[in-house]
Every structure is written in C-alpha cells, then in structure tokens.
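This report looks at internal space, cysteines and aromatic contacts in one protein model.

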Amino acid sequence: RRRVTCRVFQKIAWMMKRFFLLLLSAAVALTAVAEKPGKRLKPLKGRIVVLTFDDATVGQREVVAPLLHKYGFGATFYVCEFPGFEDKTKYMSWDQIRELDEMGFEIGNHSRSHGQMSQMTRKQIGSETAYIEDKCALYGIPRPVTYAYPGYDNSPEGIAVLKERGYKLARHGGDKPYVKGVSDKMLMPSYGVVDARFETPEFFEKALDEARDGQVVIFCLHGVPDLAHDFVSTSPENFEKLLSMLKERKCKVISMRDLLKYDL
C-alpha cells in the first residue's frame, strides 16, 4: 500500500512539473511576441489612388486587366455571383477570376448574390460572405480581407459580422476621399465612375485633387463596358482616359489590400 501511495505521489509530482514547464514555455512565447517590434507602416503621403471594380463583369478580364498591366497599376476586383452570373457573355467565370489573382490583382468579397445587407439577418450575412470565401479557397485564391457593400447598403450588424470574419477594410460610396483620423475603415468612401461622369471632366480633377497627404481617393467602377447594367457602364475609351489622368498626375495606383501597408 505504501508503494502504491508513493507511485501516486510521484505521478502527481511529475504531472505538476510538466504543467509548470508548459506554463513557463507559454509565458516565454508570449513575452517574445510582446517584445517583437511591430511591422512599421508606411506614412500616408503622396497621391494614393485605389481602383476597384464590382460584380465580376466579363470586361474586367478581357479589357480592364490588360490595360492595368499596360499602365503598371494595381486594383481590386470585388466579385459576386450576380443574378444572371451563369451568362458568360456578361460575367466572368471563376477560372477568369483566378487569372486576375494570378496576375497580381486583389480579389475582394462583394457577397454571393449582391443583396441588400440591411435587409438580411446576421446568419444570412455570414452565409453570403462565407460563400465567396469558400469559392476563393476552391480556386486557390487568397481569402478576401476587404469587402465592398453591394449598392453601398450596409448595417451595424453586418459590419460586426465582417469584423468577426477578419475583414480589415470595407468600401462604401459618397463621392469623397478617405481621410485619416476621420473616415471609418469599414465605411471607406469612394467615387463612382460611369460614362456620364466623363462629360464633366472637372469631376475627376476635383476628385484627384483630394489625393494628397493623409487622404486616399478610391474609385468604384463596374463593367468596362457593363453589358448587364448599362447605367453603370464605362467604355474602354473613357476608362483609358482615367488611367491616363492617373499617370499624368503621377498617382500611386494600388488595391484596397495594399492600403493595409499604410498608416491609415
């Protein structure tokens, strides 16, 4: 009986020693993480412009991507499966979306069906968001970290869901610049671009004047051209006019994801 009791105490002592060693290792690891210097963010200086494209329209692969490469610009493509997505004369296939990723462009989340976030339950918002994440995983595309609200519609609950799922930035509308210390990173304003806006060139001049230290100009485009929704269409000729303006002003043209490198 004494031998059994001794073995029990020895086992308890061994387990306690193991437990304290594990605690010590965890403490050392946490200390190392705490002491590790954080990655230094770039200052938000100069003419920074973000180009974003919504709805996965077919012209984005056939027209937009080659022109962006020609000018050396980055961009974000916010994809969804808009009603009618099966019509490949109007919308990209997931293979084409993967090609955009392989070309170095960001693939962002625009929900599955382009529905109104404010009219959805928390569960529906999560499901709509997860669908695009799962599709990206299936095609070897990095999990999206930025989001664009369909129709600019959002809700406090929806924003909370996005944050829980790891989204860092989300694009809104408003025709104004993002201003450091003022604008919300989950409601980043953007300027809508459609053909009609090229009839008043001062719109772009005023918008690009806002691209300066501490501020970012984000442009929201759809199809170039948009064969499904002509009211948000931009012709290839007008699109290249915009790219020329950006080049002439020596703007740094990047994706939404690239903004995470900056001190916002």
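Which residues line the largest cavity? In this predicted model, the largest cavity is lined by Ser111, Gly115, Met117, Met120, Ile125, Glu128 and Tyr147, and by class this lining has four nonpolar, two polar and one charged residues. The volume of the largest cavity is about 40 Å³, and the structure holds one cavity of 30 Å³ or more.

Turning to the cysteines, the count of disulfides comes to zero. Cys136 has a relative accessible area of 0% and is therefore buried, and Cys251 also counts as buried, because its relative accessibility of 10% falls under the 20% cut-off.

Aromatic contacts come next, and the structure holds 14 aromatic pairs. In one of them, the ring centres of Phe204 and Phe219 are 6.2 Å apart and the planes meet at 50 degrees, so this pair is tilted. Because Phe204 belongs to helix H6 (residues 202–209) and Phe219 to strand S8 (residues 215–221), the pair ties together parts that are 15 residues apart in sequence. Both Phe204 and Phe219 are buried, and ring pairs link these two with Tyr191, Phe198 and Phe203 into a cluster.

Charged side chains also sit over aromatic rings, as the table sets out for Lys88 and Arg112.

| Charged residue | Ring | Distance from ring centre |
|---|---|---|
| Lys88 | Phe85 | 3.4 Å |
| Arg112 | Tyr131 | 4.0 Å |

Lys88 lies over the face of Phe85, while for Arg112 the charged end sits over the ring of Tyr131.

How values were computed:
Residues numbered from 1 in each chain as written. Predicted model: local features only at pLDDT ≥ 70, side-chain atom pairs only at ≥ 80, totals over all residues. Heavy atoms only, no water. 1 Å grid on protein atoms, 1.4 Å probe; cavity = no way out; pocket = protein on both sides within 12 Å on 5 of 7 lines; lining within 4 Å. Points joined across faces, edges and corners; volume = space filled by probe spheres on them. Nonpolar A, V, L, I, M, F, W, Y, C, P; charged D, E, K, R; others polar. Disulfide = S-S within 2.5 Å. Buried < 20%, exposed > 50% of the residue type's maximum accessible area, 1.4 Å probe, protein only. Phe/Tyr/Trp six-rings, centres within 6.5 Å; stacked < 30°, edge-to-face > 60°. Helix = DSSP H or I, 4+ residues; strand = E, 2+ residues; numbered from the N terminus. Lys NZ or Arg CZ within 6 Å of the ring centre and 35° of its normal.
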